[in-house]
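Thanks for asking me to look this one over. My notes are below as numbered points, so feel free to take them in any order.

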Amino acid sequence: MSDHATNVATEIFLAHRNLLFTVAYEMLGSAADAEDVLQETWLRWVRADLGQVRDQRAYLVRITTRQALNRLRVLKRRKESYVGPWLPEPLLTTPDVAEDVELAESVSMALMLVLETLSPTERAVFVLREVFDFGYDEIAAAVGKNPAAVRQIAHRARRHVEARRPRETVSSDQTQAVLESFRRAFETGDLQLMLDVLAPDVVLVSDGGGVKQAALRPIAGAEKVVRAFSGGLRKAEGTLTGELTVVNGNPALLVHLNGELDGVLAIRFEDARITGLYYVRNPEKLTHIAAETSLTLR
């Protein structure tokens, strides 16, 4: 490929990079793997005959989807031996640090966990159809199925997700006071204050990946969650603080221990109460956020 052709290919790729990253991330739940998929997509894209490509966006999405599907099948096998619950790699989605990510409700921790229950092909079809509104013919070309089969897969995946989709969260004004109270309770160890802002059926899911201490199963119920936090706070060797931020489109705390990044705690709200807590401590899943925030990992 000539230098001119390479420059043209680069411009086209960069114009669609945000979309391609989001497609890969929503399929994989890993920013690191999504970046690897984009690299593989780029290598195939620069070898393509652009004169024969009628729809550049669809062509790039097709390459990305196929590479993500290949990687997703490998990741599925890895997750079978994963220690404890698996959570998606968190992404900062505040405007100043995540302008390269196209936000959608579908990147929330809660919904990403629902997507984990789909087969690789169902997940790809759901993401392309429900999130990005691709046509069935385009999706069929991307996943290697005929359009009729894709329609059936899309219907099945949509029905599966809707049955498990988390409810809409409350307004930011309502969540802000609850979030501040939760952060204060977290930092001071005020367990009654923490209990006051948790929904009775709140669920805590923590991901240490076998590297950092974390519960091996989800913890359900406000009192059990408070006891879990109480135990964790007592064992902390230093000062724990929580920095308010936005992760995967939802409020979150960057948890610091003695000034270093210890984990990311994503928070889900319903009816002005906290109903979901997703605590990622696995260092391998924090490198992206550590780089974005210039924080040192513990």
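1. One definition before the sheet comes up: two strands count as paired if DSSP finds at least two bridges between them. Please also keep in mind that this is a predicted model.

2. With that in hand, which order do the strands take in the open sheet of six? The order is β2-β1-β6-β5-β4-β3, and the pairing is mixed. At the edges are β2 and β3, each of which pairs on one side only. In general, strands of a sheet pair through backbone hydrogen bonds, and they may do so in parallel or antiparallel fashion.

3. Let me start with strand β1, residues 198-207. Is this strand mostly covered or mostly uncovered? Mostly covered: seven of the ten residues of β1 are buried. On one side β1 pairs with β6 (residues 273-280) in the parallel sense, over six bridges. If you want a spot to look at in the viewer, Ser206 has Tyr279 of β6 as its bridge partner.

4. β1 also pairs with β2, the short run of residues 219-220, and here the sense is antiparallel, with two bridges. Val203 finds its bridge partner in Ala220 of β2.

5. Going the other way through the sheet, β6 is joined to β5 (residues 260-270) by seven bridges, and these two strands run antiparallel. Within this pairing, Ala266 stands opposite Tyr278 in β6. Helix α11 (residues 222-235) packs on the sheet and touches β1, β2, β3, β5 and β6. The direction of α11 makes about 45° with that of β1.

6. Strand β5 also holds a residue I would pause at, Asp262. Is Asp262 buried or exposed? Its relative accessibility is 3%, so Asp262 counts as buried, the cut-off being under 20%. Leaving aside residues up to four places away in sequence, Asp262 touches Lys212, Val255, His256, Leu257, Tyr279, Arg281, Leu286 and Arg298. Tyr279 is a name you have met already, as the β6 partner of Ser206.

7. Next, the hairpin of β3 and β4. Strand β3 (residues 240-247) and strand β4 (residues 250-257) run antiparallel and are joined by eight bridges. Leu240 stands opposite Leu257 of β4, and Leu257 is also among the residues that Asp262 touches. Two residues lie between the strands of this hairpin, and Asn248 takes a positive phi near 50°.

8. Now to the helices. How do α2 (residues 17-28) and α3 meet? Their axes come within 8 Å and cross at roughly 130°; α2 and α3 are therefore oblique to each other. The crossing is right-handed. On the α2 side the contact is made by Arg17, Leu20, Phe21, Ala24, Tyr25 and Leu28, and on the α3 side by Ala31, Asp33, Ala34, Glu35, Val37 and Leu38. By class, that contact has nine nonpolar, no polar and three charged residues.

9. Helix α3 (residues 31-45) also packs with α4 (residues 56-80), at an angle of about 130° and with the axes 9 Å apart. That angle makes α3 oblique to α4, and this crossing is right-handed. From α3 come Asp33, Asp36, Val37, Glu40, Thr41, Arg44 and Trp45; from α4 come Gln56, Tyr59, Leu60, Ile63, Thr64, Gln67, Ala68, Arg71 and Leu75. By class, the contact of α3 with α4 has seven nonpolar, four polar and five charged residues.

10. Two glutamines round off my list. Gln192 sits in helix α10 (residues 191-197) and counts as partly exposed because its relative accessibility is 47%. Gln192 and Glu223 are 31 residues apart in sequence, and their C-alpha atoms are 9.9 Å apart in space. Gln176 belongs to helix α9 (residues 172-188) and is partly exposed, with a relative accessible area of 37%. Gln176 and Asp207 are 31 residues apart along the chain, with 25 Å between their C-alpha atoms.

Key. Residues are numbered from 1 along each chain as its sequence is written. This is a predicted model: local features need pLDDT of at least 70, side-chain atom pairs count only at pLDDT 80 or more; totals for chains, interfaces and linings use all residues. Side-chain values use heavy atoms; hydrogens and water are left out. Axes are lines fitted to C-alpha atoms, for helices over the stretch in contact, and angles run from 0 to 180 degrees between N-to-C directions. Helices (H or I, at least four residues) and strands (E, at least two) are DSSP runs, numbered from the N terminus. Angles under 35 degrees count as roughly parallel, over 145 as roughly antiparallel, 65 to 115 as roughly perpendicular and the rest as oblique. A crossing is left-handed if the near helix is turned anticlockwise from the far one by less than a right angle, and right-handed if clockwise. Contact means heavy atoms within 4.5 Å. Ala, Val, Leu, Ile, Met, Phe, Trp, Tyr, Cys and Pro count as nonpolar, Asp, Glu, Lys and Arg as charged, and the others, Gly among them, as polar. Buried means under 20% relative accessible area, exposed over 50%, partly exposed in between (1.4 Å probe, protein chains only).
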